[in-house]
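Trainee: I would like to learn how each label on a model like this one is earned. Could we take them one at a time, setting every value against its definition?

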Amino acid sequence: MNIPFIDLKKQYFSIKDEIDTAVSEAINSFSFVGGEFVNKFETEFAKYCNMEYCVGVGNGTDALFLAIKALDIGQGDEIITAANTFIGTSEAITRTGAKVKFADIDPETYNIDVRKIENSITPSTKAIMPVHLYGQPSDMDPIIEIAKYYNLKIISDACQSHGSFYKKIPISELADITCFSFYPGKNLGAYGDAGAIVTNNKEWALKARMLANHGRREKYNHEFEGFNSRMDNLQGAILNVKLQYLDDWNGIRQSKASLYNKLLTDVDEIITPVETKDVKSVYHLYVIRVKNQKRDFIRQYLKSNEIFTGIHYPVALPFTPAYKHLNYNKKDFPEAYRASGEILSLPMYPELGDESISFITEKIKDAIKN
Ligand SMILES: *Cc1c(COP(=O)(O)O)cnc(C)c1O
């Protein structure tokens with residue numbers, strides 16, 4: 001049995017006719033950048049998020065960048081985000097001229113530790129950027145409370161959590177602006193780069209849209225200098241097809257996670273993902289924690305059995321070479337540091353067979369016995 005970490009081919013073949021039709025229609029519309037399929041997706045995705053406005057953009061990193069710019073945050077300002085995330089989060093902050101302030105993570109959920117946020121607030125802090133990692137929403141109530149008290153904006157990085165809920169509320173409703181990536185491997189994935197911004201604020205939506213399109217509402221009337229970050233019509237057409245399946249796919253991911261949990265209970269060295277009572281995770285990733293320095297051995301053992309895994313992320317962001325100049329110490333982010341040596345992402349996608357999950361968990365148990 002060869003079990004890849006992700007299998008986009010199986011998903012494509014399950015909806016091939018619809019995708020092929022949509023692609024052909026998009027090409028035959030002869031609008032390539034933006035167009036009717038992007039417009040339709042924006043309407044449908046806003047509805048899906050229970051929000052007023054959706055702006056399709058080039059990718060998730062740009063969505064975060066444009067959201068910060070739309071809120072007029074930049075040079076001289078600071079934004080607080082989680083120490084364990086993808087570099088796109090912090091790149092977006094730095095690119096606006098603002099400064100990234102990392103906060104350590106909660107060792108159970110791997111999301112930002114809400115008790116670490118207030119220590120990082122200075123007079124320059126303008127926003128908190130919670131990252132809903134692995135599909136699991138951050139603990140939003142305390143974040144909202146802190147944001148209100150210190151008059152900060154909340155920009156959510158929901159690039160891994162399309163369709164997730166916090167206390168039964170769709171995650172987008174709990175931030176000023178929420179940003180999504182439709183990178184092919186995400187729960188809702190395009191066939192190339194794409195992203196979106198979702199908000200209830202008309203002005204911010206318009207500002208983000210203009211920023212993403214050379215500072216204009218209409219051709220050659222540039223009201224300010226912007227950028228070029230627009231969604232392709234082809235990606236809009238593909239996303240329209242896939243959006244209809246997102247809830248089903250997320251539901252299947254949740255049942256795959258339950259099966260993993262069941263088969264891995266009582267395995268001494270393994271801690272299965274903790275889904276707090278407040279959230280509905282959409283399991284973009286299924287991340288276990290391996291105690292006693294056995295992570296790399298298990299990963300290797302699985303690989304020798306043709307089971308492919310990932311690590312998200314092998315080096316916590318503050319410790320990557322890109323942030324070497326900030327001179328962080330392990331002790332600054334002890335939980336993020338410890339997690340990076342113990343976490344292991346197992347295969348997780350709706351098309352993953354239950355028999356594959358049994359096989360994977362058997363091999364993990366074998367590895368531990370060895
Ligand atoms: C994927 C991802 C991004 C960036 O999205 P791109 O579309 O690849 O630019 C940002 N943050 C997180 C947490 C992500 O997983």
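Trainee: What makes the approach of a polar side-chain atom of Lys186 to an oxygen atom of the ligand a polar contact?
Mentor: The side-chain atom of Lys186 lies 2.6 Å from an oxygen atom of the ligand, and a polar contact is a pair of N or O atoms within 3.5 Å, so this pair qualifies. Gln160 also brings a polar side-chain atom to an oxygen atom of the ligand, at 2.9 Å, whereas Gly60 uses a polar backbone atom, at 2.7 Å. Taken alone, the ligand exposes 380 Å², an accessible area computed by the Shrake-Rupley method with a 1.4 Å probe, and the protein buries 93% of that.
Mentor: Bear in mind that this is a predicted model, in which local features need pLDDT of at least 70 and side-chain atom pairs count only at pLDDT 80 or more, while totals for chains, interfaces and linings use all residues. Residues are numbered from 1 along each chain as its sequence is written, and side-chain values use heavy atoms, with hydrogens and water left out.

Trainee: Which residues are around the ligand?
Mentor: Among them are Asn59, Thr61, Phe86, Asp157, Cys159 and Ser181; a residue is listed if one of its heavy atoms lies within 4 Å of the molecule.

Trainee: How do you know whether the residues of strand β8 are buried or exposed?
Mentor: Buried means under 20% relative accessible area, exposed over 50%, and partly exposed in between, with a 1.4 Å probe and protein chains only as cover. In β8 (residues 177–181), 5 of its 5 residues are buried. Ile177, Cys179 and Ser181 point one way and Thr178 and Phe180 the other way, and all are buried.

Trainee: What makes β5 and β8 a pair of strands?
Mentor: Strands are DSSP runs of E with at least two residues, and helices are runs of H or I with at least four, numbered from the N terminus. Two strands pair if DSSP finds at least two bridges between them; β5 (residues 153–157) and β8 have 3, in the parallel sense, so they meet that rule. One of these partnerships sets Asp157 against Cys179 in β8. With β9 (residues 195–199), β8 pairs in the antiparallel sense over 5 bridges, and there Ile177 has Thr199 as its bridge partner.

Trainee: Why are β10 and β13 called edge strands?
Mentor: They belong to an open, antiparallel sheet of 3 strands in the order β10-β12-β13. The strands β10 (270–271) and β13 (343–346) each pair on one side only. Between β12 (residues 286–290) and β13 there are 4 bridges, with Tyr286 partnered by Leu346.

Trainee: Why is Glu342 called buried?
Mentor: Its relative accessibility is 16%, so Glu342 falls in the buried class. Glu342 sits in the loop between α10 (334–340) and β13. It touches Ile288, Arg289, Val290 and Arg295, leaving aside residues up to four places away in sequence, where contact means heavy atoms within 4.5 Å.

Trainee: How are Glu306 and Asn327 classed?
Mentor: Glu306, at 39%, counts as partly exposed, whereas Asn327, at 64%, counts as exposed. Glu306 lies in the loop between α9 and α10, and Asn327 is placed in the loop between α9 and α10 as well. Glu306 has a positive phi of about 60 degrees although it is not a glycine, and for Asn327 phi is near 55 degrees.

Definitions and conventions. A polar contact is a pair of N or O atoms within 3.5 Å; within protein, one must be able to donate a hydrogen and the other to accept it, and residues adjacent in sequence count only if both atoms are side-chain atoms.
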